[in-house]
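Reader: I'm new to this one, and I'd like to know what stands behind the labels. Could you show me the structure and let me ask away?

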Amino acid sequence: MAMFSDEERTRFCKALEQFAQQGDEGAWEVAATILNQAASALEQIVRGRYPNLPAAEVEDVVRDTVCRAIEQERLRQLWEQYEHEAGPGIYLCVVLRGRVSEAFRRLAARREVPLNPEMEPEEDQEWDIPAPCQFAPALDDDVRTQLFQIIRQCLNNDLDWQILYLRAVEELDFTQVARLLCISHDNARQRFNYLLENLRNCPELVQFCQQNALI
């Protein structure tokens, strides 16, 4: 079972829309509640990916991640940028990455742990909400949006899209992907290999990439 069910992802986007467009506080509470439910999964990811981070810091990172993720201005920006394509799982991962980065800098300043560039995220990207356009950062917005839509249509599965993002952009290994999405390691690996094959054999995606000089 994934971290967020299809029903939860749908409810999240609907609540996000109501809050961003109408200022509905009740809709914001729905979105915040859905994000809060992922705290334990986020903690497992941090412990697995950053074993040098002290337990107290892990708890602080996860708590801070959720608190920042449910901030109203951030949720408004998420809707403005991606509307119904906004995914709660990917959104949380990017906010988490920024909080982990801050934790390593804080600990290094206190000399509690070495500032290891291989362990710390390269930069704080919490405001840079992820979208498929990160696969091709030189494209303009319209082309990026089209690329996003084609990839989603080719995959035809939100779980596969999350696996693709976490592997290709966040560079998580299959164990970390499986832990975050609450699926087995073998399932994550097999789905990733299968989705890559689907994308390679997707005529619409191949044609689009050729037309835009992506391949």
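**Asking about the labels**

Author: The side chains of Glu-71 and Arg-74 meet in a salt bridge, with 2.7 Å from N to O. Keep in mind that this is a predicted model.

Reader: What makes the contact of Glu-71 and Arg-74 a salt bridge?

Author: The rule asks for a side-chain nitrogen of Lys or Arg within 4 Å of a carboxyl oxygen of Asp or Glu. Glu-71 and Arg-74 come to 2.7 Å, so the pair counts as a salt bridge. In general, side chains of opposite charge can pair when their charged atoms come close.

Reader: How do you know whether Glu-71 and Arg-74 are buried or exposed?

Author: Buried means under 20% relative accessible area and exposed means over 50%. Arg-74 has 6%, so Arg-74 is buried. Glu-71 has 35%, which falls in between, so Glu-71 is called partly exposed.

Reader: And which other residues of α5 are buried?

Author: In α5 the buried residues are Arg-74, Leu-75, Gln-77, Leu-78, Trp-79 and Tyr-82.

Reader: What about Arg-76 and Glu-73, why is that pair called a salt bridge?

Author: Their closest N and O atoms are 3.9 Å apart. The cut-off is 4 Å, so Arg-76 and Glu-73 still qualify. Both lie in helix α5 (residues 72-82), three residues apart, about one turn of the helix. Arg-76 has a relative accessible area of 26%, so Arg-76 is partly exposed.

Reader: Where else do two residues about one helical turn apart pair up?

Author: Try helix α1 (residues 6-22), where Asp-6 and Arg-9 are three residues apart. Asp-6 forms a salt bridge with Arg-9, and the closest N and O atoms are 2.2 Å apart.

Reader: What makes one of Asp-6 and Arg-9 exposed and the other buried?

Author: Asp-6 has 52% relative accessibility, and the line for exposed is over 50%, so Asp-6 counts as exposed. Arg-9 has 11%, under the 20% limit, so Arg-9 counts as buried.

Reader: How many salt bridges does the rule give?

Author: The count comes to 12 salt bridges. There is also a network of salt bridges, linking Asp-64, Arg-68, Arg-99 and Glu-102.

Reader: Back in α1, what makes Thr-10 partly exposed?

Author: Thr-10 has a relative accessible area of 41%, between 20% and 50%, so partly exposed is the label. Thr-10 sits in helix α1. The C-alpha atoms of Thr-10 and Gly-87 are separated by 9.3 Å, with the two positions 77 residues apart along the chain.

Reader: Now the helix pairs. Why is α3 called oblique to α4?

Author: The axes of helix α3 (residues 39-49) and helix α4 (residues 55-69) come within 10 Å and cross at roughly 135 degrees. Roughly antiparallel needs over 145 degrees and roughly perpendicular runs from 65 to 115, so this angle fits neither and α3 is oblique to α4. The crossing is right-handed.

Reader: Which residues of α3 and α4 meet?

Author: From α3 there are Ala-39, Leu-42, Glu-43, Val-46 and Arg-47. From α4 come Ala-55, Val-58, Glu-59, Val-61, Val-62, Thr-65 and Val-66. The residues of this contact divide into eight nonpolar, one polar and three charged.

Reader: At what angle do α1 and α2 pack?

Author: α1 and helix α2 (residues 25-36) pack at about 145 degrees, with their axes 8 Å apart. Their crossing is left-handed. Among the residues that meet are Phe-12 and Phe-19 in α1, and Trp-28 and Ile-34 in α2. The contact of α1 with α2 has nine nonpolar, one polar and three charged residues.

Reader: What is notable about phi of Glu-83?

Author: Phi of Glu-83 is near 45 degrees, a positive value in a residue other than glycine. Glu-83 follows α5 and lies in the loop between α5 and α6 (88-109). With a relative accessible area of 43%, Glu-83 is partly exposed.

Reader: And how do you know that Asn-156 is exposed?

Author: Asn-156 has 66% relative accessibility, and exposed means over 50%, so Asn-156 counts as exposed. Asn-156 is found in the loop between α7 (141-155) and α8 (158-168). Phi of Asn-156 is positive too, near 55 degrees.

Note on methods: Residues numbered from 1 in each chain as written. Predicted model: local features only at pLDDT ≥ 70, side-chain atom pairs only at ≥ 80, totals over all residues. Heavy atoms only, no water. Helix = DSSP H or I, 4+ residues; strand = E, 2+ residues; numbered from the N terminus. Buried < 20%, exposed > 50% of the residue type's maximum accessible area, 1.4 Å probe, protein only. Axes fitted to C-alpha atoms, helices over the stretch in contact; angles between N-to-C directions. Parallel < 35°, antiparallel > 145°, perpendicular 65-115°, else oblique. Left-handed = near helix turned anticlockwise from the far one by under 90°. Contact = heavy atoms within 4.5 Å. Nonpolar A, V, L, I, M, F, W, Y, C, P; charged D, E, K, R; others polar.
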